[in-house]
Amino acid sequence: MSTRDEPFTSVFSRALRGDACRVVGLDGGPSDLPMGEWTREADPDDLLLLGHCEGPTLDIGCGPGRMAAALARLGHAVLGIDVVPEAVEQTRRRGASALQRDLFDTLPGEGRWETALLADGNVGIGGDPATLLARTRDLVLGHGRVVVELAAPGVAMSTRWVSLETGEVRSRPFLWSVVGVDDIHDVAREAGLVVRSCGVLGASARWVAVLVATR
């Protein structure tokens, strides 16, 4: 029987090392995490998304470093942050800089990043997108930007308690939000940001918005 006595960081580390993992609690029932998509090299659609990043970039929730490594190859100064030790180690093995930090910890270069990146749905971290985006606003320069990957039009914003399951282990529940194109203007406004652009990427129909500060 599954147990809830391991933290998210431990269970996700197992998934990054190759254990099959699924998320429980989102709409539609349990679903497999797309670990293969996250652990591969950056593909052409990833590069289209990264084309919205300018200058030194903070990759928030960098995971195994797909995006951070690609940004480094493109010539950006980049730092990945993640709460999962295995994610930080894998990012470093790809040749990108990374730290095990929470977004709300003290971070290097606060207020001096050109771009903060929230790819792969990471705008949902912590279940409070407006608070998360307000924090990213404080991390970038006054003329900086926040690049956010979103759910498609028609997907309503939602927040759920979810867990990860791998093998016989289930993580303790944690809050996660899904934010789509239809809601990003309101969420950004609450965070002191405005949407400069929003559009779809390539053949994969991934959506991205570029947010800038109202100050």
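What is the strand order of the open sheet of seven strands, and what kind of pairing does it have?

## Sheet order and edges

In this predicted model, the open sheet of seven strands follows the order 6-5-4-7-8-13-12, and its pairing is mixed. Strand 6 (97-100) and strand 12 (193-201) lie at the edges; each has a single partner strand, so one side of each is left without a neighbour in the sheet. On average, neighbouring strands of this sheet are turned by 20° against each other, with direction ignored.

## Strand 8 and its two partners

Strand 8 covers residues 140-150 and is joined to strand 13 (residues 206-213) by six bridges, the two running antiparallel. Within this pairing, Glu-149 is placed opposite Val-208 of strand 13.

Strand 7 (residues 113-118) is joined to strand 8 by five bridges, and here the two run parallel. Ala-116 stands opposite Val-146 of strand 8. The connection from strand 7 to strand 8 passes through helix 6 (residues 129-139), and this β-α-β crossover is right-handed. Eight of the eleven residues of strand 8 are buried, so strand 8 is largely enclosed by the rest of the structure. In a regular strand, side chains alternate between the two faces of the sheet.

## Strands 5 and 6 with helix 5

Strand 5 and strand 6 pair in the parallel sense, with four bridges between them. One of the paired positions is Asp-82, whose bridge partner in strand 6 is Gln-100. The chain goes from strand 5 through helix 5 to strand 6, forming a right-handed β-α-β crossover.

Helix 5 (residues 85-93) packs on the sheet, where it touches strand 5 (78-82) and strand 6; the direction of helix 5 makes about 170° with that of strand 6. The buried residues of helix 5 are Glu-86, Ala-87, Val-88, Gln-90 and Thr-91. They pack against helix 1, helix 4 (66-73), strand 5 and strand 6. An α-helix has 3.6 residues a turn, so residues three or four places apart point the same way. Just after helix 5, Gly-95 has a positive phi of about 100°.

## Helix 4 and the annotated segment

Helix 4 is mostly covered, with six of its eight residues buried. These buried residues are Arg-66, Met-67, Ala-68, Ala-69, Ala-70 and Leu-71. A positive phi of about 100° is found at Gly-75, just after helix 4.

An unreviewed UniProt entry lists residues 58-98 as "domain: Methyltransferase". Over residues 58-98 the chain is 41% helix and 24% strand, and the C-alpha atoms at the ends are 10 Å apart.

## Aromatic pairs

How many aromatic pairs are there? The count comes to three aromatic pairs. For Phe-12 and Trp-38, the ring centres are 6.2 Å apart and the planes stand at 55°; a pair with planes between 30 and 60 degrees apart is neither stacked nor edge-to-face, so this pair is tilted. The pair links distant parts of the chain, since Phe-12 belongs to helix 1 (residues 8-16) and Trp-38 to helix 2 (residues 35-39), 26 residues apart.

Are Phe-12 and Trp-38 buried or exposed? Both Phe-12 and Trp-38 are buried. Phe-12 and Trp-38 also belong to one aromatic cluster, which is formed by Phe-8, Phe-12, Trp-38 and Phe-174.

## Surroundings of Thr-159

Thr-159 is located in strand 9 (residues 158-166). With a relative accessible area of 37%, Thr-159 is partly exposed, because that value falls between the 20% limit for buried and the 50% limit for exposed.

Which residues does Thr-159 touch, not counting those up to four places away in sequence? Thr-159 touches Gly-127, Leu-175, Trp-176 and Ser-177. Ala-15 lies 144 residues from Thr-159 along the chain, and the C-alpha atoms of the two are separated by 23 Å.

Terms used. Residues are numbered from 1 along each chain as its sequence is written. This is a predicted model: local features need pLDDT of at least 70, side-chain atom pairs count only at pLDDT 80 or more; totals for chains, interfaces and linings use all residues. Side-chain values use heavy atoms; hydrogens and water are left out. Two strands pair if DSSP finds at least two bridges between them. Axes are lines fitted to C-alpha atoms, for helices over the stretch in contact, and angles run from 0 to 180 degrees between N-to-C directions. Contact means heavy atoms within 4.5 Å. Rings of Phe, Tyr and Trp (its six-membered ring) pair if their centres lie within 6.5 Å; planes under 30 degrees apart count as stacked, over 60 as edge-to-face and the rest as tilted. Buried means under 20% relative accessible area, exposed over 50%, partly exposed in between (1.4 Å probe, protein chains only). A crossover is right-handed if, with the strands pointing away from the viewer, the path from the first strand over the helix to the second runs clockwise. UniProt positions are given in the numbering used here, feature names are shortened, and annotations may be inferred rather than shown by experiment.
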